[in-house]
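These are my notebook entries on side-chain contacts. I record what I looked up, in the order in which I looked.

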Amino acid sequence: MSSRTNRWRKTVSLEQINNLNKRFRQLSSNKETLSREDLASIPDLDNNPIRLQIINAFFDKRNLSQSEVGIVQEIGFEEFLMVLTHFQPAAMDITEDNREKLRRTKLRFLFNMHDTDGNGIITLEEYRQAVEELLSKAGTIAPETVKAIADAAMLDVASTTRGKMEPDEFYEGITFEHFLQILKTLDIETTMHVRFLNLDTANMRCGK
Amino acid sequence: MIFEMSALSCAFPGCRWSVLLLVLVLLVCSALPIDASASVYPLRGTEGSNLTNVTTKKAFPVIGVNYDHVRKPFEIALWILLALLMKLGFHIIPRVSSVVPESCLLIVVGLLVGGFIKVIGEKPPVLDSQLFFLCLLPPIILDAGYFLPIRPFTDNVGTILVFAVIGTLWNAFFVGGSLYALCQIESVDLAGIGLLSCLLFGSIVSAVDPVAVLAVFEEIHINELLHILVFGESLLNDAVTVVLYNLFEEFYKVGTVTVLDVFLGVVCFFVVSLGGVLVGVIYGFLAAFTSRFTSHTRVIEPLFVFLYSYMAYLSSELFHLSGIMALIACGVVMRPYVEANISHKSYTTIKYFLKMWSSVSETLIFIFLGVSTVAGPHAWNWAFVVGTVVLCLVSRVLGVIGLTFIINKFRIVKLTKKDQFIVAYGGLRGAIAFSLGYLLSDSHPTRHLFLTAIITVIFFTVFVQGMTIRPLVELLAVKRKKESKRSINEEIHTEFLDHLLRGVEDVCGHYGHYHWKDKLSRFNKTYVKRWLIAGENFREPELIAFYRKMELKQAIMMVESGQLSSSLPSTVSMQNIEPKPIPRVSKKQEEEIRRILRSNLQNNKQRMRSRSYSRHTLFEADEEDNMSEVRLRKTKMEMDRRVSVMEGRVSHYLTVPANRESPRIGVRRVRFESDNQVFSTDRLPTAHFEKPSYPSTPDAVSLEAEFPKRVNQKTDIGPKVYASDNHQRELDYQSLARCLSDPGPHKEEEEDDDDDEIFMS
């Protein structure tokens, strides 16, 4: 068991883990592992514009362990939990250090979702792709607008992080440190969480 | 003489005080009913107030004084004017306004004025409850409701409701009950006050007042969460206050309470609050629907917003429902749709009018509070009054601590001890409590005592708590509001996060917060927006709307700062992030390009100089230009503040000219073309160019020379004069500038506006 999952197990009750296990079994049709098709068949996800990226995130090796890059085809319950740990809330008495670590973990997850080729940098193309996906379910949007938004965002990052640039300098893309910098006002550690409390997903009861 | 004195305002030290003093004197004079019913004639005056009652012949009256005729509006106008001059005065004196919150200063002014009036022997005006509830309160609440930050409000709505409902109930009963217990003590000599009376008093004095909270919290800039908690509580507790007040008043009249009455009271609470919200929502949708059709009568758009909201307030007051909640609901519901429909100017008008009215109201309320304090008949009883103050504090603290303990079990972001302290300390009472107390019928024998106690509590909370909260906030290092505006990255990622969290919730099978939020927003988009938003705009997702707003602001700034002046700081431009490989340009081609461009630039330098870049210049720009396309393009140009061409290398050469100025101008021309091309194609060098809507120009040619794969519009590279193109660009540019002076959120025909002033929102 990884240390992160262990830490999470301390903050989450056994009941919640059981609930998630039940859900896992339900999704994987009682098999031991979950595949992409299982996740893709969840009907509620159909309306989600970033559906594919979410599904990919579950199978992205970078979210499952720190060092590897690539995609796995199937995940077990352990890995399922590991991805979900990224969404745990910050504990009330969390120290400053741990809070920073939590932020980095969550932002890393987001970063990995954008950085589809795994080279550690979000290039302009990847960012454009992300914005396009985000707006994909919103009706017909002119591709120029999408591009313009992504370009504006990229320019914003570049000018915030690099400042003045000579005309022949080239900004490779958003590195993880830059990503941290531009999103530091979002309070990720408090906003990026899902309530796992009192889940009884077998009956799909409405939560709080 | 008055004007001379004002003109001398900076001439000598102490002048400010003298101006203020003068203003005070004027305020006093306005309150005196001047008996000027007699008209003054140049010849001997006759008796009688009417000009028609003349029995003796006299010369035609050249000038007369008829104060009665204009008395009421004159006095109202004078009060408002002088109140605002006071407000102005406080901000001129910097030291005071940084220590003492404005509300305190205004109350002091009111006290002084009231004192003057009393000294003179007149009866000072009291804050009339009807005036307060019907005229002074609605603008403040509408301003608060219309600009309520929705996201933090809905994120914390559970907490806010718990504080508002349960907290106020607890306060009312605790204070009422304890005071009753206090009254039972023999030595206090208050045995005449019954339990119901005490409870009534408790319900009046327990509600946190939105006006006071706004006035104080506005100045201390604490973080959004705390602000919305205290402020939301002060808004939503109105329903509780209304119900409790009416309930206890009824019970007091009847004398006895049965279980049925209590039960009906609870039902009444739900009716009052939900009914108020329903009324507000109905009017909100009406306003949104009306705004759909106002595209031809832009001038009256703001009026619809104000009137529908006021009607919502009055309608709910009509039925004894909660007017405040109606107003808030109306503002909240109406805003997204109305803002999508109305023009930019109307939006600015609404914003400024709301701020203006709420500011005036607030000022008047506090001044009148001061005056009423001096005016009202008082009955002082040490035990009761001090007991009230202490009990209010104690009950507030206990209530907040107890409720937070329960609430924290359900919150993800727990409330810390610091947060609790601020929430408890921010529970200010204000004019609503006073007005409710004033409304008490005279059948209450202890009415004056109650009023005195209420005023004391108000003074205590506003003065003591209001003044000390700022240093306490700094002492406790409470998190402050972050001042920066949202960037587009934050906006993108906020939306991204919403979808991500919703997706994860779906994967976990948990119908949580995000699931319902998303469902609501999809319902909104498919059904509601279709009806309430004019034109095709309802399809526009939020991100695009945000982006357009941002573009608009940038473009406005660009126009105002004198177009492409080189004073604009250029940091990063498109070429810095464009990852495409830069194609090689042979030396010969480079030379040729440079030659062409330089010759063209020389030709046009004079032309450019002579043209005035005024946005008032008329132009014959092609009207059929797609407004949004132009806007996008120009903003894109704005974003590449430095010169950049799609092929980065070429631009590099272009910035090394013989002449410093011209390349900017000339190259800008080049860039226009390339931008145009950029928009219509992919950036890959192998893509086709669509035919641009502008007449083809020679500078395009120079680029095409490098990329023979492209479809050429012209094949010869001649030093063509592209004056026409320049002219075209400029005209488009100016058309943009003109359009931007009243752009509206979507394409619309240009309006004649005489007023070219651009409001920066």
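**Aromatic pairs, salt bridges and cysteines**

I began with helix H17 (residues 417–425) of chain B, where Phe421(B) and Tyr425(B) stand four residues apart and are therefore separated by about one helical turn. The model is a predicted one. The two rings form a stacked aromatic pair, with 5.3 Å from centre to centre and 20° between the planes. I then looked up accessibility: Phe421(B) is partly exposed at 32%, whereas Tyr425(B) is buried at 17%.

I found a further stacked pair in Phe434(B) and Tyr438(B), with centres 6.0 Å apart and 25° between the planes. Both residues lie in helix H18 (residues 431–439) of chain B, four residues apart, so about one helical turn separates them. Phe434(B) is buried, with a relative accessible area of 2%; Tyr438(B) is partly exposed at 26%.

How many aromatic pairs are there over all chains? I noted a count of 28. In chain A, I recorded a cluster in which ring pairs link Phe24(A), Phe58(A), Phe77(A) and Phe80(A).

**Charges over rings**

I next looked for charged side chains over ring faces. Lys409(B) lies over the face of Phe405(B), at 4.4 Å from the ring centre. Arg335(B) lies over the face of Tyr146(B), and here the distance to the ring centre is 5.6 Å.

Arg335(B) also has a salt bridge, its side chain meeting that of Glu339(B) at 3.1 Å, N to O. I placed both partners in helix H14 (residues 323–341) of chain B; they are four residues apart, so the separation is about one helical turn. Arg335(B) is partly exposed, with a relative accessible area of 21%.

**Salt bridges**

I noted 14 salt bridges over all chains. One of them joins Glu102(B) to Lys87(B), with the closest N and O atoms 2.8 Å apart. Glu102(B) belongs to helix H5 (residues 102–120) and Lys87(B) to helix H3 (residues 67–92), both of chain B, so this pair ties together parts that are 15 residues apart in sequence. Are these two partners buried or exposed? Glu102(B) counts as buried at 11% relative accessibility, and Lys87(B) counts as buried at 15%.

I then turned to Lys355(B), which forms a salt bridge with Asp143(B); the closest N and O atoms are 3.4 Å apart. Lys355(B) is in helix H15 (residues 344–375) and Asp143(B) in helix H6 (residues 129–146) of chain B, so the pair ties together parts that are 212 residues apart in sequence. Lys355(B) is partly exposed, with a relative accessible area of 40%, while Asp143(B) is buried at 10%.

**An annotated range in chain A**

I consulted the UniProt record, an unreviewed entry, whose annotation "domain: EF-hand" covers residues 102–137 of chain A. Over residues 102–137 the chain is 67% helix and 6% strand. The C-alpha atoms at the two ends of this range are 31 Å apart.

**Cysteines**

I searched the whole structure for disulfides and found zero over all chains. Why is Cys183(B) in no disulfide, given that the nearest cysteine sulfur is that of Cys198(B)? The distance to that sulfur is 4.3 Å, and a disulfide requires the sulfur atoms to be within 2.5 Å, so the pair does not qualify. Cys183(B) is buried at 1% relative accessibility. I also looked up Cys268(B), which is partly exposed at 29%.

Key. Residues are numbered from 1 along each chain as its sequence is written. Chains are lettered from A and ligands numbered from 1 in the order in which they are written. This is a predicted model: local features need pLDDT of at least 70, side-chain atom pairs count only at pLDDT 80 or more; totals for chains, interfaces and linings use all residues. Side-chain values use heavy atoms; hydrogens and water are left out. Rings of Phe, Tyr and Trp (its six-membered ring) pair if their centres lie within 6.5 Å; planes under 30 degrees apart count as stacked, over 60 as edge-to-face and the rest as tilted. Buried means under 20% relative accessible area, exposed over 50%, partly exposed in between (1.4 Å probe, protein chains only). A charge sits over a ring if NZ of Lys or CZ of Arg is within 6 Å of the ring centre and within 35 degrees of the ring normal. UniProt positions are given in the numbering used here, feature names are shortened, and annotations may be inferred rather than shown by experiment. A salt bridge is a side-chain nitrogen of Lys or Arg within 4 Å of a carboxyl oxygen of Asp or Glu.
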